[in-house]
Amino acid sequence: MVKSAVMALICSPFAGFAQGAGTLSLDEAYHLAEHNYPMIRQRDLVKQTADLTIQNLSRAFLPQVTLNGQATYQSAVTSVPISLPGFSISTPDKDQYKATADVTQLLFDGGVTGSQKALQQLNAEVESEKVTVELYKVKDRINQLYLGVLLLDAQLEQVQLVEDDIQTGLKKTEALVNNGVTFRSNLDVLKAQFLQTGQRRIELRASRKGLINALSLFTGRQLDERIVLQQPAAATAISAAVTRPELTLYNKQSALLEQQKKTLLARNLPKASLFGQGGYGKPGLNMLDNNFDWFYLAGVRLNWSLGGWYTYKKERKLVDISKRSICVQQETFLLNTNSQLIQQRSEIDKLQQLVTSDRDIIALREKVKLAARAQLENQVITANDYLREVNAEDQARQALILHQLQLVQAQINYKTIAGN
């Protein structure tokens with residue numbers, strides 16, 4: 001568990017200017033990174049493509065109009081070799097002309113249009129969910145940057161504590177030197193250590209600035225290098241349920257394949273439509289009349305192509321195989337995810353024990369340091385001896401800081417892996 005003491009350690013180095021620099025929470029960083037990531041624009045493109053495709057499919061039930069025109073000359077024409085007194089049957093001319101307008105109105109397409117529209121909608125959902133999966137991966141990078149800054153903040157606070165301890169030793173040693181009861185070399189040792197601690201502060205601040213700049217790049221917001229990152233809330237209870245977006249993607253892919261099976265059936269059903277043709281030509285519908293004339297015809301057409309049934313069962317089996325493949329992928333994903341969760345759960349338990357042990361070690365190291373401070377003042381030990389105890393406590397506190405941040409990271413990683 002992450003105690004409130006960690007919050008104090010992390011936030012206190014920047015408490016003096018938090019109002020001017022602002023604050024940022026981990027959830028806010030997630031939100032900003034998701035909306036700034038270039039992949040987010042892919043979701044809008046997928047939606048636009050699906051909408052346009054569905055609109056085009058809806059036009060299948062609009063009347064289809066075709067304009068035709070032709071002029072022909074044929075080598076022979078049909079003639080009636082009958083001759084009767086007072087009655088003659090004219091022979092058609094060999095040059096013929098025709099201009100027509102054909103209109104077709106689809107009445108029933110076997111459900112193909114509706115099925116294809118549903119197919120396009122599901123495909124858009126699948127593609128959109130793929131974008132969600134990619135965006136979810138950005139969380140790992142944000143976790144690394146955000147927690148890296150928190151670790152540096154805690155280390156900067158510890159640097160301040162070490163400087164305070166050295167500063168206390170300096171004051172006491174300087175008084176002893178002025179009184180001529182100790183060597184100036186003891187004072188120089190403490191001053192050198194104080195300067196080295198200052199160098200450590202410079203390194204930590206430079207590293208923090210680099211992480212903040214990287215975080216600015218991912219979030220799309222220019223973050224002040226002094227910004228205070230809020231401590232993530234400690235997890236009071238960790239759920240083992242996996243709710244990752246990959247699972248939603250697998251479900252949508254299965255639904256898409258199921259819709260493909262419905263589309264296969266619809267394609268093999270009969271189609272019905274109305275049709276009409278009107279035109280002007282020579283001859284018209286009366287082939288024995290050699291004059292230009294208007295004509296029209298109308299009717300109902302029924303089409304049923306049976307060739308698709310030859311491959312229908314095989315195509316359905318292919319779709320079923322694809323569905324089983326998705327099930328295998330989902331089972332594999334869950335197996336790997338649950339394995340990672342078990343490892344993270346073990347890591348959390350380990351770090352909780354280490355944090356408890358670290359506190360016990362610090363309590364003992366602090367007692368030793370205070371005793372050494374008194375011994376330094378009484379000239380029982382040298383400045384080097386005192387610094388050794390100060391550094392020992394510093395290392396113990398550094399271990400606590402590291403383990404506390406690792407515990408927070410393990411808890412966040414657990415939630416990220418589980419999708420919570």
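Trainee: In this predicted model, is Glu393 buried or exposed?
Mentor: The model is predicted, so the accessible area is a computed value. Residues under 20% relative accessible area count as buried. Glu393 has a relative accessible area of 3%, which makes Glu393 buried.

Trainee: Which residue forms a salt bridge with Glu393?
Mentor: A salt bridge needs a side-chain nitrogen of Lys or Arg within 4 Å of a carboxyl oxygen of Asp or Glu. For Glu393, the closest N and O atoms of the pair are 3.0 Å apart. The two residues are four residues apart in helix H9, separated by about one helical turn. The partner is Arg397.

Trainee: Which residues are joined with Glu393 into one network?
Mentor: Salt bridges that share partners link them. Arg397 is one such residue, as Arg397 bridges to Glu393 and also to Glu366. The network is made of Asp165, Glu366, Lys369, Arg373, Glu393 and Arg397.

Trainee: How many residues apart in sequence are the parts tied together by Arg397 and Glu366?
Mentor: The side chains of Arg397 and Glu366 meet in a salt bridge of 3.8 Å, N to O. Arg397 lies in helix H9 (residues 383-418) and Glu366 in helix H8, so the pair ties together parts of the chain. Those parts are 31 residues apart in sequence.

Trainee: What is the relative accessibility of Arg397, and what is that of Glu366?
Mentor: Buried means under 20% and exposed over 50%, with partly exposed in between. Arg397 counts as partly exposed, and Glu366 counts as partly exposed too. The values are 21% for Arg397 and 32% for Glu366.

Trainee: Are H8 and H9 roughly parallel or antiparallel to each other?
Mentor: H8 and H9 pack with their axes 7 Å apart, at an angle of about 160 degrees. Angles over 145 degrees count as roughly antiparallel. The crossing of the two helices is left-handed. H8 and H9 are therefore roughly antiparallel.

Trainee: Which residue of helix H8 meets Asp349 in a salt bridge?
Mentor: Both partners lie in helix H8, four residues apart, about one turn of the helix. Asp349 is partly exposed at 32% relative accessibility, and the partner is partly exposed at 31%. The N to O distance is 3.0 Å, and the partner is Arg345.

Trainee: How many salt bridges does the count come to?
Mentor: The pairs described above are among them, including Asp349 with Arg345 and Arg397 with Glu393. The rule is a nitrogen to oxygen distance within 4 Å. By this rule the count comes to 23.

Trainee: How is helix H5 placed against H8, roughly parallel or antiparallel?
Mentor: Helix H5 (residues 112-178) and helix H8 (residues 309-377) pack at an angle of about 15 degrees, with their axes 9 Å apart. That angle makes H5 roughly parallel to H8.

Trainee: What is the handedness of the crossing in which H5 passes H7?
Mentor: H5 packs with helix H7 (residues 245-267) at about 165 degrees, with the axes 9 Å apart. H5 and H7 are therefore roughly antiparallel. H5 passes H8 in a right-handed crossing. The crossing in which H5 passes H7 is left-handed.

Trainee: Which peptide bond is cis, with omega near -5 degrees?
Mentor: Most peptide bonds are trans. The place of Pro283 is in the loop between S5 and strand S6 (293-303). The cis bond runs from Lys282 to Pro283.

Trainee: What is the area of the nonpolar surface patch that includes Tyr280?
Mentor: Tyr280 is found in strand S5 (residues 271-282) and is partly exposed, with a relative accessible area of 35%. The patch is made by Tyr97, Tyr280, Phe292 and Trp294. The area of this patch is about 470 Å².

Trainee: How far apart in space are Phe108 and Val390, C-alpha to C-alpha?
Mentor: Phe108 is found in strand S3 (residues 95-108) and counts as partly exposed at 42% relative accessibility. In sequence, Phe108 and Val390 are 282 residues apart. In space, the C-alpha to C-alpha distance is 87 Å.

Definitions and conventions. Residues are numbered from 1 along each chain as its sequence is written. This is a predicted model: local features need pLDDT of at least 70, side-chain atom pairs count only at pLDDT 80 or more; totals for chains, interfaces and linings use all residues. Side-chain values use heavy atoms; hydrogens and water are left out. Patches are made of residues with over 30% relative accessible area and no salt bridge: like charges are joined within 9 Å, nonpolar side chains (Val, Leu, Ile, Met, Phe, Trp, Tyr) within 5 Å. Accessible areas come from the Shrake-Rupley method with a 1.4 Å probe; for residues, only the protein chains shown count as cover. Buried means under 20% relative accessible area, exposed over 50%, partly exposed in between (1.4 Å probe, protein chains only). Axes are lines fitted to C-alpha atoms, for helices over the stretch in contact, and angles run from 0 to 180 degrees between N-to-C directions. Angles under 35 degrees count as roughly parallel, over 145 as roughly antiparallel, 65 to 115 as roughly perpendicular and the rest as oblique. A crossing is left-handed if the near helix is turned anticlockwise from the far one by less than a right angle, and right-handed if clockwise.
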